[in-house]
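Take a walk through this chain, hairpins first. Keep the sequence beside the model as you read.

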Amino acid sequence: MGGFGSGPQHGGKTCTGDCRQIDVRRLAREGVLQPGRAVAWQWTRAGERVAAVDMQAEAGCLRLDYRYRIGEAWHDATCPVPLEWTACRYGGARVWFRCPACTRRVALLYIVRGLFACRHCHRLAYRCQREGAEDRAIRRAERIRARLQWQPGILNGEGWKPPGMRWCTFDRLRREHAALVARALASMAARLRPGRG
Ligand SMILES: [Zn+2]
């Protein structure tokens with residue numbers, strides 16, 4: 001988070017930072033979680049605004065009204081984030097967000113592609129997306145194998161040029177196939193590496 005700065009906006013403070021996250025401990029320290037308080041926040045990348053949020057504290061909840069940009073298009077969204085307090089061992093209370101996606105108790109929420117969620121949810125989404133890319137690479141490789149009349153299954157290696165196919169076509173398809181297989185295998189290796197994701 002970039003730090004509160006640049007003076008009041010919408011009756012609150014504005015923060016500009018590169019890192020698109022909100023930290024409940026910091027908001028608590030700054031008094032932002034007191035019901036009735038409202039602050040505005042924005043994120044920039046290379047000096048350009050990419051997301052902005054108005055935060056409004058209610059009893060047990062922080063309401064986020066925000067805008068985010070994907071490409072050139074701006075989108076509006078609202079997300080109420082439940083707050084929860086737990087007792088500390090040596091007295092006092094600690095505040096948490098409940099992740100809007102999985103309800104896990106977390107201190108940080110990240111905005112990625114317009115969604116506020118905890119790092120677990122975003123990592124999961126990232127993994128699904130990566131598996132999607134892997135599946136696509138495998139499907140495309142299998143289509144090329146069918147065209148080349150090679151045995152199905154990307155682990156079965158390469159075959160011969162089918163009769164009647166021009167060499168330049170064969171070489172192009174073989175190169176495409178090799179690139180797709182390399183991509184799928186690299187993605188699989190990353191996914192299967194222990195202790196990751
Ligand atoms: Zn979550």
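Gly-71 takes a positive phi near 65° in the hairpin of S6 and S7, where two residues sit between the strands. The model is a predicted one. The hairpin's arms are strand S6, residues 61-70, and strand S7, residues 73-87, and they pair in the antiparallel sense over 10 bridges. Arg-63 can serve as a landmark here: its bridge partner in S7 is Pro-80.

S7 also pairs with strand S8, residues 93-98. This pairing is antiparallel too, and it runs over five bridges. Ala-87 has Ala-93 as its bridge partner in S8. Five residues lie between the strands in this hairpin, and among its residues Gly-91 takes a positive phi near 95°.

Glycine is one matter. Most residues other than glycine have a negative phi. Which residue in the loop between S8 and S9 goes against that? Thr-103 does, with a positive phi of about 65° although it is not a glycine. Thr-103 is exposed, because there are 12 other C-beta atoms within 10 Å. Gln-149 is another non-glycine residue with a positive phi, near 60°. Its place is the loop between helix H2 (119-147) and helix H3 (167-192). Gln-149 has 12 C-beta neighbours inside 10 Å, so it counts as exposed.

Now step back to the whole chain. It holds three helices and 11 strands. Along the sequence the order is β-β-β-α-β-β-β-β-β-β-β-β-α-α. The chain has 197 residues, and 16% of them are buried. Of the contacts with a separation of 6 or more, 35% join residues 24 or more positions apart.

Next, the sheet that contains S3. Three strands form an open sheet in the order S3-S10-S11, with antiparallel pairing. Strand S3 (21-23) and S11 stand at the edges with a single partner strand each, so one side of each is left without a neighbour in the sheet. On average, neighbouring strands here are turned by 20° against each other, direction ignored. S3 and S10 run antiparallel and are joined by three bridges. In one of the pairs, Gln-21 has Tyr-110 of S10 as its bridge partner.

What about the interior? In soluble globular proteins, nonpolar side chains tend to be buried together. The largest nonpolar core in this model has 23 residues, and Ala-51, Val-53, Met-55 and Leu-109 have the most contacts inside it. Helix H1 (24-29), strand S4 (38-45), strand S5 (48-58), S6, strand S10 (108-112) and strand S11 (115-117) each give two or more residues to this core. Apart from it lies another core, of five residues, including Ala-141, Leu-180, Val-181 and Ala-184.

Which residues does Ala-51 touch, leaving out those up to four places away in sequence? They are Arg-20, Gln-42, Trp-43, Tyr-66, Arg-67, Tyr-68, Arg-69 and Ile-111.

Finally, confidence. The chain has a mean pLDDT of 83, and 86% of its residues reach 70 or more. Among the elements, strand S9 (residues 105-106) has the highest mean, 96, and strand S1 (residues 4-9) the lowest, 35. Over residues 1-18 pLDDT stays under 50, and the model has 39 contacts beyond four places in sequence for this stretch.

Note on methods. Residues are numbered from 1 along each chain as its sequence is written. This is a predicted model: local features need pLDDT of at least 70, side-chain atom pairs count only at pLDDT 80 or more; totals for chains, interfaces and linings use all residues. Two strands pair if DSSP finds at least two bridges between them. Helices (H or I, at least four residues) and strands (E, at least two) are DSSP runs, numbered from the N terminus. pLDDT is the predictor's confidence in each residue, from 0 to 100. Two residues are in contact if their C-beta atoms, placed from the backbone, lie within 7 Å. A residue is buried if 20 or more other C-beta atoms lie within 10 Å of its own, exposed if 12 or fewer, and partly exposed in between; C-beta atoms are placed from the backbone. A nonpolar core is a set of buried Ala, Val, Leu, Ile, Met, Phe, Trp, Tyr and Cys residues joined through C-beta atoms within 7 Å. Axes are lines fitted to C-alpha atoms, for helices over the stretch in contact, and angles run from 0 to 180 degrees between N-to-C directions.
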